[in-house]
Amino acid sequence: MTAPSEFDYIIVGAGSAGCVLAHRLSEDPAVKVLLLEAGPRDWHPFIHMPAGLAKLVNKKGVNWDYTTEPVPGMDGRRFWWPRGKVLGGSSSINAMCYIRGNPRDYDQWAQLGAVGWDWDCLLPYFKRAEGNQRGGDALHGGDGPLKVSDLRYVNELSTVFIDAATQAGFARNPDFNGAAQDGFGQYQVTQVNGARCSTAVGYLDPVKSRPNLSVHTGALAQRVTFDGTHAAGVDYLHHGRPASVRARREVLLCGGAINSPQLLMLSGIGAADDLRNHGIAVRADLPGVGANLQDHLDVCTLQHATQRVTYDRLSDAKVAFDYFLRGHSGPGSSNIAEAGGFARSRLAPDERCDVQFHFVPAMLDDHGRHRIPGDGYTMHACFLRPHSRGRIALASANPSDKVRIQPNYLGDAEGFDLAVMLECAKLSREIFAQKAFDPYRGAPIFPARANASDAELLAFIRAKAETVYHPVGTCRMGADNDADAVLDPSLRVRGVEGLRVIDAAVMPTLIGGNTNAPTIMIAERAADLIRGKVAQPSAAAQIREFVAA
C-alpha cells in the first residue's frame with residue numbers, strides 16, 4: 001500500500017475559514033498545505049451571480065441540506081438548515097451582508113475567558129480581511145482579499161423600507177460597521193464588480209497555483225488520526241475511495257458549527273458516554289463538544305404589494321441575460337436582502353441593539369422554497385442574543401450519516417427569547433404600517449390579520465419562525481478552568497496536541513449580526529496564532545484579565 005502523503009498543515013473544510021487559512025499559511029513557500037473539501041468546486045454560475053442565491057436553495061450538490069430534530073418550543077417542527085458544501089462554504093451561498101457585530105460582543109468573549117479576543121485585538125484582523133470599495137479608514141480595510149461593496153442595483157421598495165423606518169422613529173445609518181450599529185440603511189455586501197466575493201473567490205482563487213498548496217474537492221473526512229495524543233493526519237473518502245494523509249505540524253478543522261464537532265466526535269473527542277454508546281474509543285472526554293449550539297431565530301412578516309415592482313415576477317432568463325451579458329448589471333447583482341437595520345427593543349438589557357432586520361422586495365416563505373402568487377415584500381426580524389442553547393449529537397459512528405441537530409429554539413426557562421421575538425414581530429408590523437408604504441401596501445399574508453393579538457402573534461412565531469442561518473458555538477473556546485470549553489484561546493483542542501478548530505463553532509456567544517465576516521476574522525487571527533505572530537499574554541496576565549472581568 002502506498003504510504004500516505006505528508007503536509008505541514010491539513011485543513012478540513014474549504015469554507016469561510018478554510019480558504020482564509022489556505023491563503024495565509026501557504027504564504028510561506030517552505031510550508032506545504034492541503035485543503036480538503038467535501039463538496040465540488042464553485043463552478044455553478046448561480047453562485048457568482050448574487051441574485052442566483054434564490055436558485056441555490058434547491059441545488060443539493062452545493063448544500064449539506066441538514067434538517068433538525070423536532071423542536072419542542074416550535075410546535076415540534078423540524079427546521080431546514082442549509083449550509084454550504086462547496087468551495088467557499090456558506091460564503092458561496094449566503095446573502096452576502098457584510099456585518100461585524102457590536103464591539104462589546106467581542107469584549108464579552110474575553111470576559112468569558114477567551115483572552116485575546118476582545119474588540120481591540122480583533123479590529124486589525126477585520127481590517128486586514130476587508131477590501132472596502134469606500135476605502136480604508138480607522139475602522140475599515142481598503143485592500144484586503146474580502147471585497148466589500150455598495151450594491152449596484154437596489155429595488156425601489158428597499159428605499160421605501162428605509163424611509164418607513166425613519167418615519168417610525170429610527171435613525172438612518174449608512175455604515176452598520178462604523179461608529180454606531182443602530183439605525184436603518186442599505187447593506188454593504190461581499191461583492192466585487194457586481195459578483196459574489198466568497199472566500200473561494202477572494203482568498204483561494206488568487207493563490208490556487210501556489211506549488212505548496214493542494215486542494216482536494218469531493219473529500220469527505222472520516223476521522224482525525226493520532227500518534228498517541230498528537231493529531232497525526234486525516235482519513236477521508238476522495239470521490240468515494242479511501243485515502244489517508246499525514247500532518248507534520250497540525251490538523252485544522254474548519255467544517256463549521258455542525259461538521260467540526262461531528263468530526264471531533266468521530267475521532268474520539270467528546271462526551272465519553274455518548275462516544276461509547278456509538279462504539280467509538282474515547283481519546284479525550286470533552287462534554288462541551290456539540291453543546292452550546294446557538295442560532296438566530298427569524299420571524300418573517302409578509303405583505304402583498306399593490307404595484308408590480310417586486311422581484312416576484314421577474315423573468316429568470318432575462319435577469320441572467322442582463323447580468324452576464326451586460327457587465328454584471330441589473331437585478332442579477334442584487335443580494336435580494338438589500339436593506340435592513342438594527343434596533344433596541346424595549347427588552348434590551350444594555351446599550352447594544354438586540355434586533356436585526358433584513359428587508360426583501362419579494363415574498364419569501366419557507367426559505368423561498370414556497371412560491372406565493374402575486375407581488376409582495378418580506379421583513380425578516382431576529383433576536384440577536386438568544387438565551388436558548390441546543391446541541392449537535394452523533395446519529396451513528398458512520399461519517400456519512402448526518403448528525404442530530406437540536407437547536408432548542410425558545411427553550412430558555414425564563415421565556416425571554418419568546419418575549420423578544422414578539423417584539424421583533426411588533427416592530428416589523430410597525431414599520432410596515434408607516435406612510436411610506438401606503439402606495440404599495442396590499443393585504444397582509446403572514447400574519448394573516450393586521451390587528452392580530454399578542455396571543456396570535458406568539459402562535460404565529462411558533463408556527464412560522466425559521467433560522468436565519470447563523471449556527472455557532474459548538475466547539476467554544478474558553479479559559480483553562482472552564483470545564484465545558486472545548487478549546488483554549490489559541491483554538492487548540494483540549495486533551496490532545498496538534499489539533500485546532502477554526503470556524504464559527506469556536507464562538508462562545510452569538511455576535512449581534514451576520515456571522516460570515518466574524519468567521520473570516522477568526523481565521524485571519526488563527527493564521528497568526530498558528531504562525532506564532534500573535535503575542536500570547538502571560539499566565540499571570542490572563543488570570544488578571546479574567547478576574548477583573
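This report walks through the overall build, the charge pairs and one helix residue of a predicted model.

## Ground rules

The model is predicted, so local features need pLDDT of at least 70 and side-chain atom pairs count only at pLDDT 80 or more, while totals for chains, interfaces and linings use all residues. Numbering runs from 1 along each chain as its sequence is written, and side-chain values use heavy atoms, with hydrogens and water left out.

## Overall build

Let's start with the big picture. The protein has 14 helices and 24 strands; these are DSSP runs numbered from the N terminus, with helices being H or I of at least four residues and strands being E of at least two. The C-alpha atoms fill a box of roughly 70 × 55 × 45 Å along the principal axes. The radius of gyration is 23 Å, which agrees with the value near 24 Å for a compact globule of 549 residues. That radius is taken over C-alpha atoms, and the globule rule is 2.2 Å times the number of residues to the power 0.38.

Of the 549 residues, 62% are buried. Here buried means under 20% relative accessible area, exposed means over 50%, and partly exposed is in between (1.4 Å probe, protein chains only). Take the contacts (heavy atoms within 4.5 Å) between residues at least 6 apart in sequence: 70% of them join residues at least 24 apart. The accessible surface comes to about 20,400 Å², and carbon and sulfur atoms own 52% of that. Those areas come from the Shrake-Rupley method with a 1.4 Å probe, and for residues only the protein chains shown count as cover.

## Charges and salt bridges

The protein has 57 positive and 59 negative charges, and their mean positions are 4 Å apart. Lys and Arg count as positive, Asp and Glu as negative, with His and the chain ends not counted; each charge is placed at NZ of Lys, CZ of Arg, CG of Asp or CD of Glu. Side chains of opposite charge can pair when their charged atoms come close. A search of the whole structure turns up 39 salt bridges, each being a side-chain nitrogen of Lys or Arg within 4 Å of a carboxyl oxygen of Asp or Glu.

One of them pairs D8 with R249, with the closest N and O atoms 3.4 Å apart. D8 sits in strand β1 (residues 5–12) and R249 in strand β13 (residues 241–253), so this pair ties together parts that are 241 residues apart in sequence. D8 is buried at 7% relative accessibility, whereas R249 is partly exposed at 40%.

Next up is K55 with D316, at 2.6 Å from N to O. K55 belongs to helix α3 (residues 53–56) and D316 to helix α10 (residues 316–325), so parts 261 residues apart in sequence get tied together. Both ends are partly exposed, K55 at 27% and D316 at 46%.

D480 and R494 also form a salt bridge, at 3.2 Å from N to O. Both lie in the loop between β23 (466–467) and β24 (499–501), 14 residues apart in sequence. D480 is exposed at 62%, while R494 is buried at 17%. Elsewhere, E6, D8, D227, R246, R248 and R249 are joined into one network by salt bridges that share partners.

## A look at F46

F46 is found in helix α2 (residues 45–48) and is partly exposed, with a relative accessible area of 23%. Setting aside neighbours within four places in sequence, F46 is in contact with G52, L53, K55, L56 and K59. From F46 to S92 the C-alpha distance is 9.5 Å, with their places 46 residues apart in sequence counted as separation.
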